[in-house]
Amino acid sequence: MMKATMLTLAIVLAVASCMNSTELIQTKASSEVSVSGVSSGGFMSAQMLVAYSKDIKGAGLFASGPYFCTRGTMMTVADCMTTALSIYTDQLILAAKGFEELGLIDPMSNLAESRVYLYSGSKDYVVWSEVVKKNEEFFRKVGAHVHSEYSIEAEHSFPTDFFGNKCGYLGSPYINNCNFQGSMASLEHILGKTLVPKVDYKEANLKSFSQKKYNPGITSSFGDVGYIYIPDGCVSKECPLHVAFHGCSQTIGDIGLDYVKGTGFLGVAEAN
C-alpha cells in the first residue's frame with residue numbers, strides 16, 4: 001500500500017427527486033473527475049466513462065454490466081443482468097470504436113489511462129457476477145487499470161460497513177451493511193492513493209442544486225434535484241470531483257436521502 005496522502009474530494013450525488021432545491025453553488029474542481037454507481041447507476045457510470053473518457057478518469061462500477069451491453073435491443077436486457085451468454089466483449093469494443101469514428105464518443109485510447117473498480121456480491125441474483133465479469137473483461141481488453149471484488153457474500157446492493165440491511169438481504173434501500181466500505185475501496189483504486197478512514201460528515205457541507213436545465217425531456221427519469229458535498233478542505237482550493245449515481249428504486253421518493261448519506265462517500269470526502 002502507498003503511504004496515506006492528503007487528498008480532498010468533492011462529491012456530487014445525482015439523484016431523482018421532485019423537491020425544491022437551491023442553485024448549484026460555485027466551487028472549484030480539478031480536472032480529476034470520476035464516477036460511480038450501483039445497478040442502473042453502475043451501467044450509467046460505465047457508459048459515461050467510455051463516452052467521455054477525455055474528461056472522466058475512472059469509475060466505480062457496482063453490480064453492473066459493460067458498455068453497450070444490450071446493443072440497443074430489449075431482447076438482450078435479461079441476459080445483461082443474468083447469464084451473460086450473449087455478451088461478447090470484442091463485439092462491444094468494435095461497436096464502441098465505430099461510435100468513436102463517427103465522433104459520438106471520445107477516443108478509446110483514453111481508456112488505457114483510466115482506473116476502474118468493479119464489485120459484485122457473490123449472492124447477487126439481480127445482476128449476476130457473470131455480467132460484472134464481462135464488464136471487467138471489456139475494460140481489461142481496452143487497457144484500463146482494473147481492480148475487482150467478488151468475495152463479499154452480498155445480495156444486490158451497495159456495500160457499506162455502517163448502514164443498511166444485512167449483507168445477504170435483497171430489498172430497499174438496496175444498501176447493505178457487509179462490513180465492507182465500497183466507497184473507500186472504489187475511491188482508493190480510482191485515485192491510486194491510500195485514503196484516511198472516513199469521519200462523520202458535516203450536514204452544513206451538503207447542498208442541493210437544481211438539475212432541471214439538464215433534463216432532456218419527459219421521457220427521462222432524471223430528477224429535478226442533485227446533491228453536492230463540499231468538504232471543509234475544498235472551500236478554498238481545487239479538489240478532485242466524484243459523481244455518484246444511484247440505482248433503480250433509490251430515488252428520494254423511494255428511500256429519502258439514504259443513498260446520499262448512507263453509502264459512506266460523504267465521510268470519506270470529509271476525511272480526505
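Visitor: Is the link of Cys 234 and Cys 239 left-handed or right-handed?

Guide: Look at the torsion about the S-S bond: here it comes to -115 degrees, and the link of Cys 234 and Cys 239 is left-handed. Keep in mind that this is a predicted model. The S to S distance for that pair is 2.1 Å.

Visitor: How many disulfides does the structure hold?

Guide: Three. Cys 69 joins Cys 80, and Cys 167 joins Cys 178, besides the pair you started with, Cys 234 and Cys 239. Number the bonded cysteines in sequence order and the pairing reads 1-2, 3-4, 5-6.

Visitor: What about handedness for Cys 69 and Cys 80, and for Cys 167 and Cys 178?

Guide: Cys 69 and Cys 80 sit at -105 degrees, left-handed. Cys 167 and Cys 178 have 100 degrees, right-handed.

Visitor: Why does Cys 234 count as buried, and Cys 248 as exposed?

Guide: It's a matter of relative accessible area: buried means under 20%, exposed over 50%. Cys 234 is at 1%, so it counts as buried, whereas Cys 248 counts as exposed because it reaches 53%. Cys 239 is buried too, at 1%.

Visitor: And where is Ser 39 found?

Guide: In the loop between strand S2 (29-38) and helix H1 (40-51). With a relative accessible area of 13%, Ser 39 is buried.

Visitor: Which side chain makes a polar contact with that of Ser 39?

Guide: His 156, at 2.8 Å. Leaving out residues up to four places away in sequence, Ser 39 also touches Phe 62, Ala 63, Ser 64 and Gly 247.

How values were computed:
Residues are numbered from 1 along each chain as its sequence is written. This is a predicted model: local features need pLDDT of at least 70, side-chain atom pairs count only at pLDDT 80 or more; totals for chains, interfaces and linings use all residues. Side-chain values use heavy atoms; hydrogens and water are left out. Helices (H or I, at least four residues) and strands (E, at least two) are DSSP runs, numbered from the N terminus. Buried means under 20% relative accessible area, exposed over 50%, partly exposed in between (1.4 Å probe, protein chains only). A polar contact is a pair of N or O atoms within 3.5 Å; within protein, one must be able to donate a hydrogen and the other to accept it, and residues adjacent in sequence count only if both atoms are side-chain atoms. Contact means heavy atoms within 4.5 Å. A disulfide is a pair of cysteine sulfur atoms within 2.5 Å.
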